[in-house]
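Reader: Hello! I have just opened this structure and would like a friendly tour. Could you take me through it?

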Amino acid sequence: MLTPRRLHRAALPIAATALLATAATACTSSGGSGGSDGNQRLRAALAFPPAQAMSPYGDDAVTLSRLAVVEGLTRLDKNGEAKPALATAWKREGDRAWEFSVRGNTVFQDGSKLDAAAVARSLTAAQKASPKPRVLSDTTLTATAEGAATVRITTKDADPLLPQRLANPSLSILSAAAYGDGGKVNPAGHATGPFTLAEVNGAVSAALERNDTYWGSKAKAPGVDVKFVADGTARANALRTRDVDIAEYVPISQASLLGDGLVHAFPSARTNGLSLNTERGVFADPAMRAAAREAIDSRALVDGVYEGRADTAEGLLGPGVPWAAGLRTAPTGRAKAAAPAEVAKTKEIVLATYTNRPELPEAATVVQQQLEKRGFTVKQVVRDYAQMEADALAGKYDAFIQARNTLLDTADPVSYLASDFTCDGSFNITQLCAEPVDTAVDQAAALAGTDARHRAEMTAEAAILGSDALVPLVHERFVQGYDETRVQGVALDPMERTLITADTRIG
């Protein structure tokens, strides 16, 4: 789920102001700065402004990651596997303990040294944060330094996904100077990434400077001037007029107007699905859920709403999870669909979705028509997501259309399966509580081996699809905007954590 963010002006930390006094001017310049091609500052239009003054413990952590400001002990490859970052190696000791070797000869952007104590301090601060980062909502970490180069991390329960968990942007490693009174955290100038956050102008703009002390390959661009532009059409227009070099999340309605040279669609880990209320109302009957599933025509949604820039739904996990298709098995335990005549006897159902993702209201209209063709009587409710989440989680809608990131916080779908479809799931809009599903998800979560866990996750997918609690609609493709003849090195990341990298440049 892409959680909406409220626009507000965050107070600018004094330390960040001192780093770059002129960034605001640079951010509003349509011509950019930095000289000839190959050494120009990048100009980017991002969709979501800072919601917590760039705190790493909320949604802003993803923004910091997408701008190549912060790093964790690990990073993720395209398959979601943990790879070295600020840790060069790790090993597991028993069920609950791990040892990580900290990268040597590395300094923070403020010049202080990266060592095991700094890593332990950052992870401890994240664990104690209030509210706690979502990635730690289902676990408890204890990090201790063992010498200068080794960090020992123990978890309350066995956590085979800890290396993937530590790649989450909310568990980025920052210097001691980042941590202020009252739990406040300021990453500006205190992270390790190839770009330093130099200025934040509330919900309007930000400026980044190249980190010349970066431990890896130095950034090819001298800096990045960022505008926060919530309106998708405005982002597309800024790209069209070359006011920006990169515009993220171009709306489908604008993509065809910009043309293929400016838009780049690629598979995402998001599945847009129709969640059916299994606890009460019409869809408490499995036969009615099966009838709703049979009514849905995914291809019509791909062609009509997404203009071909999406993939037809094959399951919970789409092309953005590249290993899933080869391991998929048929749904298990499906009920026989109710006949149209029986469907026509049911009471009116409430179909809800939200406005924050521009394609969803249009998708809801098409889904309403498909359900009504099957015999259902449908009332539609469409509002801002912030006004709907509590009711959706409380089961107040019969059906709810949402876009859901199936890789969530650990880059492994077991977190998504557990939160959305188990009896104790924290985001269970379908209200599903089925022993076969819980058992299958628990078995997957307990497995340390990647291949075995993936196979178990597909067994769980088959059980969930068999319940018809969620009807997959389409698998989204992300559409990022940039001129491929001018801009090089933009990351097209299905997990949404990377956009600008050290390699991103003009020319």
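Reader: What share of the contacts in the protein chain with a separation of 6 or more comes from residues 24 or more positions apart?

Author: Happy to help, and please keep in mind that this is a predicted model. The count takes contacts in the protein chain with a separation of 6 or more. Within that set, residues 24 or more positions apart account for 70%.

Reader: How many helices and strands are there, and what radius of gyration does the protein chain have?

Author: The protein chain holds 16 helices and 19 strands. For 507 residues the globule rule gives 23 Å, and the chain comes close to that, so it is as compact as a globular protein of that length. Its radius of gyration is 23 Å.

Reader: What does the C-alpha trace span along its principal axes, and what percentage of the residues is buried?

Author: Along the principal axes, the C-alpha trace of the protein chain spans about 70 × 55 × 40 Å. As for burial, the chain has 507 residues, and the buried part is 58%.

Reader: How far apart are the centres of the positive and negative side chains?

Author: The protein chain carries 53 positive side chains and 59 negative ones. Taking the centre of each set, the separation is 2 Å.

Reader: Let us turn to the rings. Which kind of pair do Tyr354 and Tyr385 form, stacked or edge-to-face?

Author: The whole structure has eleven aromatic pairs. In the pair of Tyr354 and Tyr385, the ring centres are 4.9 Å apart and the planes meet at 75°; planes over 60 degrees apart count as edge-to-face, so this pair is edge-to-face. The two residues are 31 apart in the chain, with Tyr354 in strand E14 and Tyr385 in the loop between strand E15 and helix H13. Both are buried, and the name for their arrangement is edge-to-face.

Reader: And which arrangement do Tyr397 and Phe400 show?

Author: Both Tyr397 and Phe400 are buried. Their ring centres lie 5.9 Å apart with planes at 15°, and since planes under 30 degrees apart count as stacked, the pair is stacked.

Reader: Which residues do ring pairs link into a cluster?

Author: Here the ring pairs join up into a group. The members of the cluster are Phe48, Tyr249, Phe266 and Phe478.

Reader: Which peptide bond is cis, with omega of about 0°?

Author: As background, most peptide bonds are trans. The proline in this cis bond is Pro131, placed in the loop between helix H4 (116–128) and strand E6 (141–145). With omega about 0°, the cis bond joins Ser130 and Pro131.

Reader: Is Ala68 buried or exposed, and what is its phi?

Author: Ala68 sits in the loop between helix H3 (60–66) and strand E2 (74–76). Its relative accessible area is 8%, and under 20% means buried, so Ala68 is buried. Although Ala68 is not a glycine, its phi is positive, at about 60°.

Reader: What relative accessible area does Glu307 have?

Author: Glu307 is another residue that has a positive phi without being a glycine, here about 50°. Its place is the loop between helix H9 (298–304) and strand E13 (310–312). Glu307 is partly exposed, with a relative accessible area of 39%.

Reader: Which residues does Glu359 touch, not counting those up to four places away in sequence?

Author: Glu359 lies in helix H12 (residues 359–374) and is buried, at 13% relative accessible area. Its C-alpha is 8.0 Å from that of Pro251, although the two are 108 residues apart in sequence. Beyond its sequence neighbours, Glu359 touches Pro251, Ile252, Val305 and Tyr306.

Reader: Helix H8 is my last stop. Which residues is Ala295 in contact with, leaving aside neighbours within four places in sequence?

Author: Ala295 lies in helix H8 (residues 286–295), and its 14% relative accessibility counts as buried. Its C-alpha is 48 Å from that of Thr154, 141 residues away along the chain. With those neighbours set aside, the contacts of Ala295 are Gln370, Leu371 and Arg374.

Reader: And which residues is Ala290 in contact with, on those terms?

Author: Ala290 is found in helix H8 too, and at 0% relative accessibility Ala290 counts as buried. Leaving aside neighbours within four places in sequence, its contacts are Ala335, Lys336, Ala337 and Asp468.

Terms used
Residues numbered from 1 in each chain as written. Predicted model: local features only at pLDDT ≥ 70, side-chain atom pairs only at ≥ 80, totals over all residues. Heavy atoms only, no water. Helix = DSSP H or I, 4+ residues; strand = E, 2+ residues; numbered from the N terminus. Rg over C-alpha atoms; globule rule 2.2 N^0.38 Å. Buried < 20%, exposed > 50% of the residue type's maximum accessible area, 1.4 Å probe, protein only. Contact = heavy atoms within 4.5 Å. Lys, Arg positive; Asp, Glu negative; His and termini not counted. Charge placed at Lys NZ, Arg CZ, Asp CG, Glu CD. Phe/Tyr/Trp six-rings, centres within 6.5 Å; stacked < 30°, edge-to-face > 60°.
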